[in-house]
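Here are a few short exercises to work through with the structure open beside you. Try each one yourself before reading its solution.

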Amino acid sequence: MTVQGLFSGKASASAQAYAMPRIAVIGRGFSGMMMAIALMKTVRTPFHLQLFDPNSSVSGGQALASGRSSEILNSRVRDLSVSAGDPDDFNDWLCSNATFRSAVPAAIPGFLQIFVPKSIFSDYVYQRFSEALSLRRDIAVQVSAETVVGLRRSHGDRFLVESAGASNLLFDTVILATGYGMSDREPQSGESVATPSAVRARRLVSRPHKVLLGSGLRVVDRLLQMRDNGYGGQITIVSKNGFLPQSHTRSNADPVFPAEAMPGRLSEIVRFIRRACESAEASGQSWQSVMNGLRKHARSLWRSLPAGQKQQFNRHLRALYDSHRNRLPEALHVRLKQELAEGNTLLRRGQFLRRTPTGLALKPAGQQGAEQIYADEVIDCRCQEPDLDTPLMRSLISAGLATPDELGLGLAVEATGALSVDGRTTEGLFAIGPLGLGSLPDIDLVPEIVTQAYAAAEGVATRFYPECKAV
């Protein structure tokens, strides 16, 4: 589907579109839509943009709304602007929304410090996309529901995008924005997978019992939604490392961090950060302020670590780190603690092995054998790593256009999103957002994705017209 109206009344519309530089964005979740916004605002010369995503809905992915208004983003409004150089843009959008203002009167005149549902943020992102498109009558935007299954060089420096359909198209630049992976149908956040044995399982369970798999924000979202919808049965959360998200502070925690240089070894770095947190709390600040300050050093710190220490961090510390960086709004954290204290929700530490006809098999932490947990439903709320085993990713790697990062968490990328192979960037090919998680800590968070998208767009603008400065 090509967006209509951009070249209405011009007989040569199609010819003009195909004469322009052609850009493909694969993925239409937050990373993909943010990339489209950045391109329209940064590349000031005409171009043709094609968005690929097999999902029929406009929004999608783990970073945007799944349609449940109770899902809360874990970043404050002040950190969610999609406008470069205007950190108040999301707040201004909320202030202009009469319906939202009437629903949240206590925050007037501004909403910078509050947390909002993902559905509200999704509305904001797509309105900004529509506005950016309406201002660019010199470009064409096309949306394709075909599944991209391959990508390779063709006709010199151009890329052939191979789809599951009949059309294979050439592009000058391709931007991968697939988040944690794409399929013909992505389940919604926290979706359960039905099994034929569900009825049998219910007969064996003495009281209603559901199991939630996961340790991040999605599992807490699901838990609280179930309670809000009236579910009074037992809930067991199975977390591999036994961690759940920590709490944000009630008001904004301004970043603080020690001025002295950090040590070079991982074990010493951990002690350094713990001492910094203790010192901050002793002086009336919070450990959250230190974690916010750490984000400014995370990338340089990550690059300085040897591969062995990165692997050690991934095995033993990543879950703990994620629980402290992906935090819950204080009110939701209070509810979570209350759920656990009352005993109607249990937290089990262990490795999920498999579904069974009556629930699941669990290997509890510190034990050798498996334990059967009986439940009438098992709901997977885990946030998966990017899938490098899809046909698209395999084609990129086999063609030498991309390489896995040293931990195998995603693709090796530069800060701009440019794909990196053996220390050299792949000209005209970018990966935005969570695909670069093994190279760029925190690139799964909205503020970092926004910054990266604009940096990639500037790279695209310079590539098309080196003599023109992107604005």
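**Exercise 1.** In this predicted model, find what the buried residues of helix 14 pack against, and work out how these residues are placed around the helix axis.

*Solution.* Start with the partners: the buried residues of helix 14 pack against strand 1 (22-26), strand 4 (148-154), strand 7 (173-176) and strand 15 (424-431). Next, list the residues themselves: within helix 14 (residues 391-398), Leu392, Met393, Ser395 and Leu396 are buried. They lie on the same side of helix 14 because the arc they cover around the axis is only 160°. Finally, look just past the end of helix 14, where Gly400 has a positive phi of about 75°.

**Exercise 2.** Examine the largest nonpolar core and identify the residues with the most contacts inside it.

*Solution.* This core counts 51 residues, and Leu39 and Phe90 have the most contacts inside it. Now trace the contributors: at least two residues each come from strand 1, helix 2 (30-42), strand 2 (48-52), helix 3 (89-95), helix 5 (118-134) and helix 15 (446-464). Helix 15 gives the most, with ten residues. Then zoom in on Phe90: beyond four places in sequence, its contacts include Val77, Leu80, Ile120, Phe121 and Tyr124. Apart from this core lies another, of 25 residues, including Leu151, Leu176, Ala402 and Leu440.

**Exercise 3.** Decide which stretches call for caution, using pLDDT under 50 as your guide.

*Solution.* For the whole chain, the average pLDDT is 85, and 85% of the residues score at least 70. Residues 4-17 stay under 50, and residues 59-69 are also below 50. Where pLDDT is low, predicted coordinates should not be read in detail.

Technical notes
Residues numbered from 1 in each chain as written. Predicted model: local features only at pLDDT ≥ 70, side-chain atom pairs only at ≥ 80, totals over all residues. Heavy atoms only, no water. Buried < 20%, exposed > 50% of the residue type's maximum accessible area, 1.4 Å probe, protein only. Helix = DSSP H or I, 4+ residues; strand = E, 2+ residues; numbered from the N terminus. Arc of directions from axis to C-beta. Contact = heavy atoms within 4.5 Å. Core = buried A, V, L, I, M, F, W, Y, C linked by side-chain atoms within 4.5 Å. pLDDT = per-residue confidence, 0-100.
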